[in-house]
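Reader: I am new to this structure. Please take a close look at one part of it, the sheet and its surroundings, and explain each term as it arises.

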Amino acid sequence: MKIRKFLALWALAFATVVPLASQAQQVVRVGSKNFTEQFVLAEIYAQALEAAGIKTEKKLNLGGTLIAQKAMEEKQIDFYPEYTGTMLLAVLKQEPMTDPKAVYDKVKEAYAKMGFAVLNQSNLNNGYVMVVRPETAQKYKLETLSDLAKAAKNLKIGAGPEFRDRKDGLPGLKAKYDMVFGEDLQMAIGLRYQALKNDQIQVVNGYSTDGMISAMKLKRLRDDKNLWPPYFVVPVIRREVLDANPKVGDVLNRVSALLDETTMAQMNYQVDGEKLEPKDVARDFLKAKGLVK
């Protein structure tokens, strides 16, 4: 009788321990959206995890925000880097907010209810910025978005599909600045700067860390009515994956603490301007920071 009881207890303990051990060794599936900075960030986080002994599978270039979000909900990926303002407006459909901490706290709480953990906020704030060529700025006397609103009917903007529907996109510009462009061309993010250079478009909705902005000496127009919220990079991970292996969170937070806007812009330019591979740029960054050999 005692032997049977012992075996039953042993079997119960084994059944509990084995799944936990299995989860702890699970491969972490790292996703990204479909533009340069996302490729580099995903590579940085994934390579840091690998260097810490955590196996990864990369699923990069998934598409836009809502596609990446769906991939998380359907458990096709376990983690991807996102931006707080994008989470607030594009995913949660909330009204714009400008206080970085308030935005972070709000998205962290809302994502927890979806089964996702929002890890530490980095120092990398990659917000929207409208940019034009210097000659366009000079011709229309453009310094701010209020200036751009007055000239917009004479200009073509090149923007991605998300920018048409989001409250921080064209609808937000119309509501806040009464800005309506003469023409609106939908094009992939990677093609916009070349189109601007060729004068196929005169305005680009860029990201503040786009390397091509400095390389092409483009004019950044100031958001003088504070339409846009902060867009700090944060790792978003499925809660069950984090609980199974908390070390994953430690590594991701360690990487986030190393990110800043100047370095990110340089890395983006290495990919867009110098045509280096995102994985190589990421590895050089981690080497410089001492996270990989």
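Author: A residue is called buried under 20% relative accessible area, exposed over 50% and partly exposed in between, with a 1.4 Å probe and protein chains only. This is a predicted model, in which local features need pLDDT of at least 70 and side-chain atom pairs count only at pLDDT 80 or more, while totals for chains, interfaces and linings use all residues. Residues are numbered from 1 along each chain as its sequence is written, and side-chain values use heavy atoms, leaving out hydrogens and water.

The sheet comes first. Helices (H or I, at least four residues) and strands (E, at least two) are DSSP runs numbered from the N terminus, and two strands pair if DSSP finds at least two bridges between them. Here 5 strands form an open sheet with mixed pairing, in the order S7-S6-S8-S5-S9. S7 and strand S9 (219–221) stand at the edges with a single partner strand each, so one side of each has no neighbour in the sheet. On average, neighbouring strands of this sheet are turned by 35° against each other, direction ignored; axes are lines fitted to C-alpha atoms, for helices over the stretch in contact, and angles run from 0 to 180 degrees between N-to-C directions.

At one edge, strand S6 (residues 156–159) and strand S7 (residues 183–186) run parallel and are joined by 4 bridges. Alanine 159 has glutamine 186 of S7 as its bridge partner. At the other edge, S5 and S9 pair in the antiparallel sense over 3 bridges, and valine 131 has arginine 220 of S9 as its bridge partner.

The helices beside these strands complete the picture. S6, helix H8 (residues 170–177) and S7 make a right-handed β-α-β unit; right-handed means that, with the strands pointing away from the viewer, the path from the first strand over the helix to the second runs clockwise. Within H8, the buried residues are Leu170, Gly172, Leu173 and Tyr177. They lie on the same side of H8 because they cover an arc of only 155° around the axis, an arc taken from the directions from the helix axis to the C-beta atoms. These buried residues pack against strand S5 (128–132), helix H7 (145–151), S6 and S7, contact meaning heavy atoms within 4.5 Å. Just after H8, aspartate 178 takes a positive phi of about 55°. Helix H9 (residues 189–197) lies across S5, S6 and strand S8 (203–207), and runs at about 135° to S8.

Between S6 and H8 in the numbering, the side chains of aspartate 168 and arginine 166 meet in a salt bridge (2.8 Å, N to O), that is, a side-chain nitrogen of Lys or Arg within 4 Å of a carboxyl oxygen of Asp or Glu. Aspartate 168 is buried at 0% relative accessibility, and arginine 166 is buried at 8%.

A salt bridge elsewhere offers a contrast in setting. In helix H5 (residues 100–113), aspartate 105 and lysine 101 lie 4 residues apart, about one turn of the helix, and their side chains meet at 2.6 Å, N to O. Lysine 101 is exposed at 55% relative accessibility, whereas aspartate 105 is partly exposed at 34%. By the rule given above, the count comes to 16 salt bridges.
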